[in-house]
Amino acid sequence: MKILVVDDEEDVKSLFEQKFRKEIRSGQFEFSFSFSGEEALSYLEDHSSEVVMILSDINMPGMSGIELLKKIRSEHPAAPPQVMMITAYGDSANHDQAMQLGADDFLTKPVNFVELKEKLLSIL
């Protein structure tokens, strides 16, 4: 499964690669990383049919994760089928807005990687 992680904090890349080392090595998961909403949209232009899941932070400079979600749902309705929003702020306003715009799931930081891994494996 190809997963695009969108987060303005670049250390997220090494964290995901560490937490999913076994799944990456076995070929179960393949991660790509974008460090802004704009970069994610550019990536999707070239790889939209490959990406199965997007994990996007909500609070990013420039284009927020909510704005990215709106664009994904309007410009790429066929792909990706799953978008999971991640935020450090577990407030109901962010959650409700993300779900109304078509998010498939919502996680709060710090990410519980055991729970995330279970959710990703259930999609496979």
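1. **Surroundings of S34.** In this predicted model, S34 touches L4, V5, V6, D7, E39, A40 and Y43, leaving aside residues up to four places away in sequence. S34 sits in strand β2, which spans residues 30-34. Its relative accessibility is 1%, so S34 counts as buried. Two of its partners, E39 and A40, can be placed against helix α3, residues 37-47. A40 returns in the next point, as part of a helix contact.

2. **α3 against α4.** Helix α3 (residues 37-47) packs on helix α4 (residues 65-75). The angle is about 20°, and the axes are 9 Å apart. An angle under 35 degrees counts as roughly parallel, and α3 and α4 are therefore roughly parallel to each other. Their crossing is right-handed. From α3, the contact draws on G37, A40, L41 and L44. From α4, it draws on L68, K71 and I72. Sorted by class, the contact has 5 nonpolar residues, 1 polar and 1 charged.

3. **The buried side of α4.** Which residues of α4 are buried? They are G65, I66, L68, L69 and I72. These residues cover an arc of only 160° around the axis, so they lie on the same side of α4. Their cover includes β1 (2-6), α3, β3 (51-57), β4 (82-87) and α5 (92-100). L68 and I72 are buried, and both take part in the contact with α3.

4. **α1 against α6.** Helix α1 (residues 11-19) and α6 pack at about 70°. Their axes are 11 Å apart. Angles of 65 to 115 degrees count as roughly perpendicular, and α1 and α6 are therefore roughly perpendicular to each other. On the α1 side, the meeting residues are L15, F16 and K19. On the α6 side, they are F113, L116 and K117. By class, this contact has 4 nonpolar and 2 charged residues, with no polar ones.

5. **Two sides of α6.** The buried residues of α6 are F113, L116 and L120. They cover an arc of only 60° around the axis, which puts them on the same side of α6. V114, E118 and S122 are exposed on the other side of the helix. What covers the buried residues includes β1, α1, β3, β4 and β5. F113 and L116 are buried, and both meet α1.

6. **E23, a buried glutamate.** E23 belongs to helix α2, residues 21-26. Is E23 buried or exposed? At 4% relative accessibility, E23 counts as buried, because the cut-off for buried is under 20%. E23 touches Q28, F29 and K117, again without residues up to four places away in sequence. K117 is also one of the α6 residues that meet α1.

7. **The cis peptide bond.** Where is the cis bond? The peptide bond from K109 to P110 is cis, with omega near -5°. P110 is in the loop between β5 (105-108) and α6 (113-123). A reviewer may wish to look at this loop alongside α6, whose buried residues include F113.

8. **E50 in its loop.** E50 is found in the loop between α3 and β3. With a relative accessible area of 35%, E50 is partly exposed. E50 and S32 are 18 residues apart along the chain. Their C-alpha atoms are separated by 11 Å.

9. **V52 on β3.** V52 lies in strand β3. Its relative accessible area is 29%, so V52 is partly exposed. V52 and V83 are 31 residues apart in sequence. In space they are 8.8 Å apart, C-alpha to C-alpha. Strand β3, where V52 lies, is among the elements that cover the buried residues of α4. β3 also helps to cover the buried residues of α6.

10. **A93 on α5.** A93 lies in helix α5. A93 is exposed, with a relative accessible area of 52%. A93 and F106 are 13 residues apart along the chain. Their C-alpha atoms are separated by 12 Å. Helix α5 is one of the elements covering the buried residues of α4.

How values were computed
Residues numbered from 1 in each chain as written. Predicted model: local features only at pLDDT ≥ 70, side-chain atom pairs only at ≥ 80, totals over all residues. Heavy atoms only, no water. Axes fitted to C-alpha atoms, helices over the stretch in contact; angles between N-to-C directions. Helix = DSSP H or I, 4+ residues; strand = E, 2+ residues; numbered from the N terminus. Parallel < 35°, antiparallel > 145°, perpendicular 65-115°, else oblique. Left-handed = near helix turned anticlockwise from the far one by under 90°. Contact = heavy atoms within 4.5 Å. Nonpolar A, V, L, I, M, F, W, Y, C, P; charged D, E, K, R; others polar. Buried < 20%, exposed > 50% of the residue type's maximum accessible area, 1.4 Å probe, protein only. Arc of directions from axis to C-beta.
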